[in-house]
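Subject: Structure handover

Hi,

Here is the structure I promised to pass on. Please have it open while you read; my notes follow below it.

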Amino acid sequence: MPVFILLFFSLWLLPAQADNSHVPAVSEEAAAQALQATVIDPYLELHTGPGRGYPVIYVVEKGATIGIVSRRTSWYLVVDKQGNSGWVKRENLARTLVDTGVPVVLPETRHSDFLQHRVRLGFTLGWQESAEQVAAMAGFRLSRHIGIEAEIGQLFSATTNGQQYSASLILEPTDRWAVTPFVSLGYGRQELELKSKLPGNRPLEDNFRSIGAGVNWYIGFNFVLRGEYRTLDIFSDNQTVSNDLWRLGFSSFF
């Protein structure tokens with residue numbers, strides 16, 4: 001378990017450190033598709049990250065045209081005609097105009113934004129055979145369609161209680177539908193303790209692998225409803241036992 005957690009948080013911390021010292025990158029394609037607006041305030045400050053704690057990296061003057069590229073919480077990534085990019089608070093962008101001279105209508109978070117954010121946190125409730133399962137997960141996106149997840153779960157049944165730790169590779173092939181389908185390949189460990197204290201009973205510690213499929217349904221703001229099925233092959237005492245896992249939960253992306 002410690003290896004999974006350390007790997008995840010090491011990857012998670014890397015982009016946060018980079019945001020403090022680097023200008024956010026905007027591709028030519030994203031800049032060309034951005035919503036165009038004109039600054040009407042005396043100036044507009046561009047920050048290196050989506051928060052007031054990030055330093056101002058550029059100042060765009062009144063009358064300049066900017067492109068609004070994407071959104072993260074209440075901050076928007078913008079780029080000017082010279083290619084200078086940075087993050088601007090929503091209230092400041094509300095005082096910009098489109099070509100027709102009316103205030104800009106800022107784009108809201110959409111379903112496709114789900115695949116553009118790198119970090120997600122979530123929880124699920126479900127059933128693994130006759131046991132109830134509660135799990136918390138943290139994910140990091142390696143590319144637009146591939147990510148990894150670390151997970152900690154708790155199992156409850158009439159005869160046993162226990163924990164599960166696992167890491168999974170997540171593949172999300174498309175964002176063109178109303179829901180985002182995904183498949184998962186995972187490996188982990190479960191530690192079960194029998195409730196009855198009979199002589200000879202001992203904790204059960206087994207590794208398992210999993211393969212599954214599910215869907216993520218964007219429900220608004222930064223939240224996604226998640227439904228999933230997995231089959232677990234549990235390697236126990238020189239035999240392999242298969243378990244079905246069904247679960248439902250929520251994720252929030254950042």
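Which residues line the second largest cavity? They are R118, R120, G139, F140, R141, I146, G147, I148, E149, I170 and E172. Before going further: this is a predicted model.

**Second largest cavity**

The volume of this cavity is about 70 Å³. By class, its lining splits into 4 nonpolar, 2 polar and 5 charged residues. Two strands, β9 (131–141) and β10 (146–156), each give at least two residues to the lining. The largest share is that of β10, with 4 residues.

The strands around these residues pair as follows. β9 and β10 are antiparallel, with 10 bridges between them. A hairpin of 4 residues connects β9 to β10. R141 sits opposite G147 of β10, and both R141 and G147 appear in the cavity lining. β10 also pairs with β11, again antiparallel, through 11 bridges. Here the hairpin has 3 residues between the strands. I146, another lining residue, faces L171 in β11.

**Largest cavity**

How many cavities of 30 Å³ or more does the structure hold? There are 2. The largest contains about 80 Å³ of space. Its lining is made up of Q133, E151, Q164, Y165, S166, S168, F208, S210, R230, L232, L245 and R247. Two or more of these residues come from each of β11 (160–171), β13 (204–220), β14 (223–236) and β15 (239–253). β11 supplies the largest share, 4 residues. Sorted by class, the lining has 4 nonpolar, 5 polar and 3 charged residues.

**The β14 and β15 hairpin**

Both strands help line the largest cavity. They pair in the antiparallel sense, over 14 bridges. T231 is opposite D244 in β15. The hairpin has 2 residues between its strands, and D237 has a positive phi near 50 degrees.

**Aromatic pairs**

What is the count of aromatic pairs? It comes to 2.

One pair is F123 with F250. Their ring centres are 6.2 Å apart, the planes are at 40 degrees, and the pair is tilted. F123 belongs to strand β8 (residues 119–128) and F250 to strand β15, so this pair links distant parts of the chain, 127 residues apart. F123 is partly exposed, because its relative accessibility is 41%. F250 is partly exposed as well, at 37%.

The other pair is Y229 with W246. The ring centres lie 4.5 Å apart and the planes meet at 45 degrees, so this pair is tilted too. Why tilted? Planes under 30 degrees apart count as stacked and those over 60 as edge-to-face, so the rest are tilted. Y229 is in strand β14 and W246 in strand β15, so the pair ties together parts 17 residues apart in sequence.

Is W246 buried or exposed? W246 is exposed, with a relative accessible area of 52%. The cut-off for exposed is over 50%. Y229, at 26%, counts as partly exposed.

**Where to look first**

Start with β15, which lines the largest cavity, pairs with β14 and carries W246. Then turn to β10, which gives the second largest cavity 4 of its lining residues and pairs with β9 and with β11.

Best wishes

Definitions and conventions
Residues numbered from 1 in each chain as written. Predicted model: local features only at pLDDT ≥ 70, side-chain atom pairs only at ≥ 80, totals over all residues. Heavy atoms only, no water. 1 Å grid on protein atoms, 1.4 Å probe; cavity = no way out; pocket = protein on both sides within 12 Å on 5 of 7 lines; lining within 4 Å. Points joined across faces, edges and corners; volume = space filled by probe spheres on them. Nonpolar A, V, L, I, M, F, W, Y, C, P; charged D, E, K, R; others polar. Pairing = 2+ DSSP bridges. Phe/Tyr/Trp six-rings, centres within 6.5 Å; stacked < 30°, edge-to-face > 60°. Buried < 20%, exposed > 50% of the residue type's maximum accessible area, 1.4 Å probe, protein only.
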